[in-house]
Number of protein chains: 2
Amino acid sequence: MPKQRHAPSSAPPQSARGLITAHGGRATRTRVALIETLQASAHPLSHDEIGAALAALGIAHDRVTLYRALDWLVEQGIARRIAGGERAWRFEIARHGKHRHAHFHCERCGQILCLEDIAAESSPNLPAGFKLERAELVLHGACAECGPRGPGTVAR
Amino acid sequence: MPKQRHAPSSAPPQSARGLITAHGGRATRTRVALIETLQASAHPLSHDEIGAALAALGIAHDRVTLYRALDWLVEQGIARRIAGGERAWRFEIARHGKHRHAHFHCERCGQILCLEDIAAESSPNLPAGFKLERAELVLHGACAECGPRGPGTVAR
DNA sequence: ATTCTAATGCTACAATGTTGCATCAAATAC
DNA sequence: GTATTTGATGCAACATTGTAGCATTAGAAT
């Protein structure tokens, strides 16, 4: 696993329970662990990665439950779903007030990183009648780990 | 193994057969129909849509063959694969010389449209060591058809 | 027409995501 | 602290999207 890159996150760490109850949900073990896992990660996580993290915490995790819990977090605006390069979704915590940022998909190692400096809310010159709700900017290429040195085994 | 690989010739309305043979491939019915279908479409097509189009032309189409034929087109630079909103890929013909453009994903009807005016090659201020190979910009929202009038049945 | 082999079309499988329903447990009421 | 309510979970079964292996077909060359 590549190292983490930290962005200057100016987020006052919101408690997981607080976030959940503030949205009228029940603070279950799964949801709390989910939020804390996402908050602790510097980059968006896939279902697999999240499942592994929960397993490491000794928390039961059914695949379906995970999907539903994540869907709920996204619905409530607590988390965000991003498309990335492969067909699997990835999830990241929505830092309070933080604008949407671009992501970088390394085609060597498959990792997805946040590019907090690059805004995704751009190019508003849409055709008439179109309503923009959100923008997703994904840059593809080789990350610092894979680029200069030998490329890692490709994750297609 | 495919022999040569050609740099994108900048020929205008290229014939399907010409495109294929220029890249050292065999001009099969499937590939020809595939290219012509993509060329005739104003927006990127999903596998389903392509399959339906081929079926309408009375051309046998196995799902696997379609995947492989499309992969080949992308490898050769004849077509481009874009991620869109759902987990399925969509394909569009790579217009000779045309720069990459952004796409609009309507979350009401599920349609994906090309925004030729909006370039996707932006924001090059990447962290050191990162190599950008391509950028994908997808705008999500409601298209002109779905926005003003009643929203179509959601295609989540 | 014959040959060579790139493409095709099976079949079988892998990965990702969804639906329905019975059960459990988080919050509330007592 | 116990009982009640129902949101959330966990399981099974299924749907969709994409891949791998291999025998067969048909495009191009001889």
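# Exercises on a predicted model of two protein chains with DNA

Strand β1 of chain A, residues 45–46, pairs with β3(A) in the antiparallel sense over two bridges. The model is predicted. The exercises below start from this pairing and proceed to the contact between the chains, the cores and the DNA.

## Exercise 1. The strands around β3(A)

Determine which strands pair with β3(A), and which residues stand opposite one another.

Step 1. On one side, β1(A) is joined to β3(A) by two bridges. Here S46(A) stands opposite R90(A).

Step 2. Strand β2(A), residues 79–82, also pairs with β3(A), in the antiparallel sense and over four bridges. In this pairing, R81(A) is opposite F91(A).

Step 3. The two faces of β3(A), residues 90–93, may now be examined. R90(A) and E92(A) lie on one side, F91(A) and I93(A) lie on the other, and all are buried. Both faces of the strand are therefore covered, given that a residue is called buried if 20 or more other C-beta atoms lie within 10 Å of its own.

Step 4. For the setting of these strands, chain A has four helices and six strands. From the N terminus, its elements follow the order α-α-β-α-α-β-β-β-β-β. Of the 156 residues in chain A, 29% are buried.

## Exercise 2. The sheet in chain B

State the order of the strands in the open three-stranded sheet of chain B, and identify its edge strands.

Step 1. The order is β1-β3-β2, with antiparallel pairing.

Step 2. The edge strands are β1(B), residues 45–46, and β2(B), residues 79–82, each of which pairs on one side only.

Step 3. Four bridges connect β2(B) with β3(B), residues 90–93. Among the bridge partners are R81(B) and F91(B).

## Exercise 3. The relation of the two chains

Find what turn and what shift lay chain A on chain B, and name the resulting relation.

Step 1. In general, two copies of a chain are related by a rotation about an axis and a shift along it.

Step 2. For these chains, the turn is 179° and the shift along the axis is 0.0 Å, with an RMSD of 0.2 Å.

Step 3. This is therefore the relation of a two-fold axis.

Step 4. The same surface serves both copies, as 100% of the contact residues of chain A recur in chain B.

## Exercise 4. Where chain A touches chain B

Establish which elements of chain A give two or more residues to the side that touches chain B, and which of them gives the most.

Step 1. The contact involves 28 residues of chain A and 28 residues of chain B.

Step 2. On the side of chain A, β4, β5 and β6 each give two or more residues. The most come from β6(A), with 12 residues.

Step 3. By class, this side of chain A has 16 nonpolar, six polar and six charged residues.

Step 4. Strand β6(A) is also joined to β6(B): the two run antiparallel and share 11 bridges. Within this pairing, E136(A) has V138(B) as its bridge partner.

## Exercise 5. The nonpolar cores

Describe the largest nonpolar core and the contacts of L137(B).

Step 1. The largest core has 29 residues, and those that touch the most other members are A102(A), F104(A), L113(A), L137(A), C143(A) and L137(B).

Step 2. Two or more residues of this core come from each of β4, β5 and β6 of chain A and from each of β4 and β6 of chain B.

Step 3. Apart from its neighbours within four places in sequence, L137(B) is in contact with A135(A) and L137(A) in chain A, and with A102(B), I118(B) and A120(B) in chain B.

Step 4. A second, separate core has 17 residues, including A16(A), I20(A), L45(A) and A69(A).

## Exercise 6. The surroundings of the DNA strands

Identify the residues closest to DNA strand C and to DNA strand D, and the element that gives the most to each surface.

Step 1. Around DNA strand C there are 27 residues, the closest being A27(A), G25(B), T30(B), A60(B) and D62(B).

Step 2. The elements that give two or more residues to this surface are α3 and α4 of chain A, with α2 and α4 of chain B. The largest share, four residues, comes from α4(B).

Step 3. Around DNA strand D there are 26 residues, of which G25(A), T30(A), A60(A), T65(A) and A27(B) come nearest.

Step 4. Two or more residues near DNA strand D come from each of α2 and α4 of chain A and α3 and α4 of chain B. Here α4(A) gives the most, with four residues.

Step 5. By class, the surface near DNA strand C has nine nonpolar, eight polar and 10 charged residues. The surface near DNA strand D has eight nonpolar, eight polar and 10 charged residues.

Terms used
Residues numbered from 1 in each chain as written. Chains lettered and ligands numbered in written order. Predicted model: local features only at pLDDT ≥ 70, side-chain atom pairs only at ≥ 80, totals over all residues. Near = placed C-beta within 6 Å. Nonpolar A, V, L, I, M, F, W, Y, C, P; charged D, E, K, R; others polar. Least-squares fit on C-alpha atoms with pLDDT ≥ 70 in both. Contact = placed C-beta atoms within 7 Å. Core = buried A, V, L, I, M, F, W, Y, C linked by C-beta atoms within 7 Å. Buried ≥ 20, exposed ≤ 12 C-beta atoms within 10 Å, placed from the backbone. Pairing = 2+ DSSP bridges.
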